[in-house]
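Subject: Structure handover

Dear colleague,

I am handing over the structure we discussed. Please look through it alongside the notes in this email.

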Amino acid sequence: MSTDNRELAKGPWEKFYGPNLGYINEMYDRYRDDPEAVDAKWVELFKRWGAPPLQADAIPAADAGSTGTGETADLKKVVAAVNLARNIRIYGHLAANINPLGKDEKSGSRLLDPVEYGLNDADLEAIPADVVWSNAPGDVRNGLEAINRLRHIYTKSISYEFSHVHDADEKIWLNNMVEFDQIERALPAKERVELLKRLTEVEGFEQFLGRTFVGQKRFSIEGVDMLVPMLDEIIRSSVHDGANSVMIGMAHRGRLNVLAHVLGKPYKAILAEFHHSPNKDLIPSEGSMGINYGWTGDVKYHLGADLDIEEGNTARAHLTLANNPSHLEFVNPVVEGYSRAAQEDRSEAGKPKQNVSRSFPILIHGDAAFPGEGIVAETLNLSRLSGYHTGGTIHIIANNQLGFTTGSVDDRSTEYASDLAKGFEIPIVHVNADDPEACLAAIDLAYEYRKLFQKDFLIDLVGYRRFGHNEMDDPAATQPLMYGKINSHPTVRTRYAGTLQSEGVFSSEQSDELENDITKKFQDIYDQVKSEKSGEFEEVEPPAPVKNGLAKIETAVQLDSLREINANLLEWPEGFNVYSKLKRILKRRADALEDGKKVDWGHAETLAFASILADGTPIRLTGQDTQRGTFAHRHLVLHDEKTGDTYSPLHTIPQAKASFAIHNSPLSEAAVIGFEYGYNVTAPETLVVWEAQYGDFANAGQVMFDQFIAAGRAKWGQKSSLVLLLPHGYEGQGPEHSSGRLERFLQLAAENNWSVVNMTSAAQYFHVLRRQAAIAGQEQARPLVVMTPKSLIRNQNVASPGTAFGEGKFQTILEEPGLGEKPDKVERLVLCSGKMAIDLHEALEKDEKNRDWLHILRVEQLYPFPQDRIEEVVSRLKNLKEIVWVQEEPRNMGAWTYIDPLLRSLAPEKTVVRYGGRPRRSSPAAGEPDIHKKEQERIVAATLKKGKFNSGGNGRD
């Protein structure tokens, strides 16, 4: 012990020994975790004197009234015993029997050995039990029995990590549940037999598939078979407690078994998908198209399913397994969004009313993917945020101890696959997948914790993978030692059957009969599949509302109604102190709908939202800094400058008939986008909007766009009308604050899967939002990608008069005012969108030269491409010589690659199609504002100059 610590020890601590010193240490632990968790007197004491001594050598010498060195030695042993008990609770998992392939004690397990503390059995026997273990059970008589009991509890085939949980009430509850036999209930014989039957079904299904469809991928569950009974148990508990829906997300490992046994997908359907699969020698053999509601389909181990859980003729709950592509953990936030949407009542004005008991999320992770994919951490971070929490998720790591061919030593830097969860104070249980009853105890503890504390819980289900990553792999090539053990290791079903036989619960004859019956059932079903006509899958077309595009939708709102709404938006509760500067800005909106005035972009958005709520459509809007708006243009949540209280007029306007939710998101893109997509799929009647802080920040969510939002309906039949707001515009802010990566969304555009717009007026934005709200929940629903402005937000050339809201509608193209009035003289037709169009407009205003030879079309909707509208304009221009697409972005970015063939297809004979803009580049924009300005001026000048067109873009026209 250092001199400084010895000096501290001479403070008040020298008055305390034995159990009293242990109590002070416990109080100090609470203080260290949370100073507010202890009384003020303790705070003052610890601030002044620091930590009390923990180790035996820190105990001060006995005072004059003591019995001498013998008493001091006894006290040292008491403290050592208390520390031993404490460390058993914290580190017991290091010596636990949680690995089915053999016990692997970690180096830290020596912390559980009394010898390390200078203790022997006699020392411990001499210490009262309640000194070592407060509230020890009555049959524990002394310190030795207390230590042995605690070692037994914390080092079995189920072990615990709770020390990172800082909430004192939670930690006490968790320890009490573990230490006083609150979770490991003795299963009645009937339940044990039912558990064996379930394991026989799980194993028999996999073995039948393996024998019958040799070499076809199935991503077998074998090695973590207990996952299915664990899901059975937690679904049964949650539905019994009143949950209306249970949402499950998982990767492909074990998915077919979960589909069959948890979701009730007919064996016949799964066997038929295998029977009609491509030749198994094809590499990779992805299997057949699944039975689903999309028109392109997906492989069978990506598909989800739904099941109504019924009691009699009444549906009690709805069970959903989310569709999930091979991006493994990216389904996590989608499922959280499902659950949040199912928990909320959006039918009344104000904030949605959330009841977390209505829906229950379960996420099943891979042991390599959980620490390896950043989307996991992003999703865990959502768990306690007001805009995203779902009342606790049960996480299960289906731990194969292997990632494809990579062992844990190469795929993570932590002791356990579950360690990431510690940073979020999520309780962790490790359990041996070969101990069925311990697995059920783990799931019961997880469920009770979630129900009581409404927080996440994680179970590390430690098993193995009986075969390779897929059934064509030979895993022994890279893991010979592991697979030497696995090949001789009996299955969990075999082991549990042996346990029941040895205890006289179920005979070997009964076990064999059960196994044979299940095998025969699978064979009979397969024989039926083979006997039926195995015709080719019919090609499925998109439904007519999708294929035919959007029908005409009226989006105008009577001006009188808008004026009334506008007035209500500017009323605040009595005594609410709006920030004085902001108050002046907002009050300018009072007469914006009157003649001679204009409505800017942010104001138009607020009017759109208010009118949509008046139509009875709920709204959910999230994103980074979305309440205020990145560009300080929105201000839908006001802050009282004196009290800090918040208020949103959209919660209280009398016209509202549905809820309005707006949340600043964490600094995450992928997880939040996935969450909003999932929310929208479950609540399709809601206008769900996600806004990027800058458009290119959406780069971090590319998997969500590629795999879910763009293709979810074609693959799985999932309808979404999610709105993506991506601030876009080249304004000299450098490569990272310019491009919303328009080209990527256009590259993904097909089959009317979404709309992509880059608009030039506030009224256009108003109408497109109202159009999107009108199709929410309808067959023609589709997402909307909006390249929103930055500097143009306050530009008067983008602002619109009131009549444009009261009479207009969304226009897919707009013709430049003052041009094209003499169509026979037009030689150059320029097409552009967004800020480029406004830059050209402003240049035309400054230079009033006669330009009868020029016409400009603003393409407000890029996809679906408004070809008919553009052809109608082109048909008027009889002497047209060239069509020029002008853009801000480099030639290899933006809309050019997408739009080039479309323009050539509609260009009249001998009319040349040209490109105008920046040359090809690897970086989206210049980093120097002056260079950007000169480039933009060059593009504008070349576009408006008569003669041979040359904007400087490299490559052929």
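Below is what was found in it, from the whole chain down to single residues.

**Overall**

Please keep in mind that this is a predicted model. The protein has 957 residues, and 58% of them count as buried. Its secondary structure consists of 34 helices and 24 strands. Taken along the principal axes, the C-alpha atoms fill a box of roughly 110 × 80 × 55 Å. Among contacts with a separation of 6 or more, 79% are between residues 24 or more positions apart.

**Helix 7 and helix 8**

Helix 7 covers residues 143-154 and helix 8 covers residues 168-179; the two pack with their axes 10 Å apart, at an angle of about 100°. Because of that angle, helix 7 is roughly perpendicular to helix 8. Helix 7 contributes L150, I153 and Y154 to the contact, while helix 8 contributes N175, V178 and E179. Sorted by class, the residues in this contact are four nonpolar, one polar and one charged.

**N257**

N257 is part of helix 11, which spans residues 255-261. With a relative accessibility of 0%, N257 counts as buried. Leaving out residues up to four places away in sequence, N257 touches V202, F205, E206, I221, V228 and V262.

**Strand 10 and its partners**

Strand 10, residues 457-462, is mostly covered, with six of its six residues buried. The cover extends to both faces: F457, I459 and L461 are buried on one side, and L458, D460 and V462 are buried on the other.

Strand 10 pairs with strand 8 and with strand 9. Strand 8 (residues 394-399) runs parallel to strand 10 and is joined to it by six bridges. Within that pairing, A398 has L461 of strand 10 as its bridge partner. Strand 9 (residues 428-432) also runs parallel to strand 10, with five bridges between them. Here H430 stands opposite D460 of strand 10. From strand 9 the chain passes through helix 17 (residues 436-453) to reach strand 10, a β-α-β crossover that is right-handed.

Two of the residues named above come up twice: L461, the partner of A398, is on one buried side of strand 10, and D460, opposite H430, is on the other.

**The seven-stranded sheet**

One open sheet has seven strands in the order 14-11-15-16-18-17-22, with mixed pairing. Strand 14 (660-664) and strand 22 (861-863) each have a single partner strand, so they stand at the edges and one side of each is left without a neighbour in the sheet. On average, neighbouring strands of this sheet are turned by 20° against each other, direction ignored.

Inside the sheet, strand 11 (residues 619-623) and strand 15 (residues 687-691) pair in the parallel sense over five bridges. R620 has V688 of strand 15 as its bridge partner. Helix 25, residues 670-682, lies across strand 11 and strand 15 and runs at about 175° to strand 15.

**The five-stranded sheet**

Another open sheet has five strands in the order 19-21-20-23-24, again with mixed pairing. Its edges are strand 19 (813-815) and strand 24 (912-918); each has a single partner strand, so one side of each is left without a neighbour in the sheet. From one strand to the next, the twist averages 25°.

Strand 20 (residues 828-832) and strand 21 (residues 854-859) run parallel and are joined by five bridges. In this pair, the bridge partner of L829 is H855 of strand 21.

**N950**

N950 is found in the segment after helix 34 (929-944). Is N950 buried or exposed? N950 has a relative accessible area of 57%, so N950 is exposed. I221, one of the residues that N257 touches, is 729 residues from N950 along the chain, and their C-alpha atoms are separated by 62 Å.

Best regards

Notes: Residues numbered from 1 in each chain as written. Predicted model: local features only at pLDDT ≥ 70, side-chain atom pairs only at ≥ 80, totals over all residues. Heavy atoms only, no water. Axes fitted to C-alpha atoms, helices over the stretch in contact; angles between N-to-C directions. Helix = DSSP H or I, 4+ residues; strand = E, 2+ residues; numbered from the N terminus. Parallel < 35°, antiparallel > 145°, perpendicular 65-115°, else oblique. Contact = heavy atoms within 4.5 Å. Nonpolar A, V, L, I, M, F, W, Y, C, P; charged D, E, K, R; others polar. Buried < 20%, exposed > 50% of the residue type's maximum accessible area, 1.4 Å probe, protein only. Pairing = 2+ DSSP bridges. Right-handed = clockwise from strand over helix to strand, strands pointing away.
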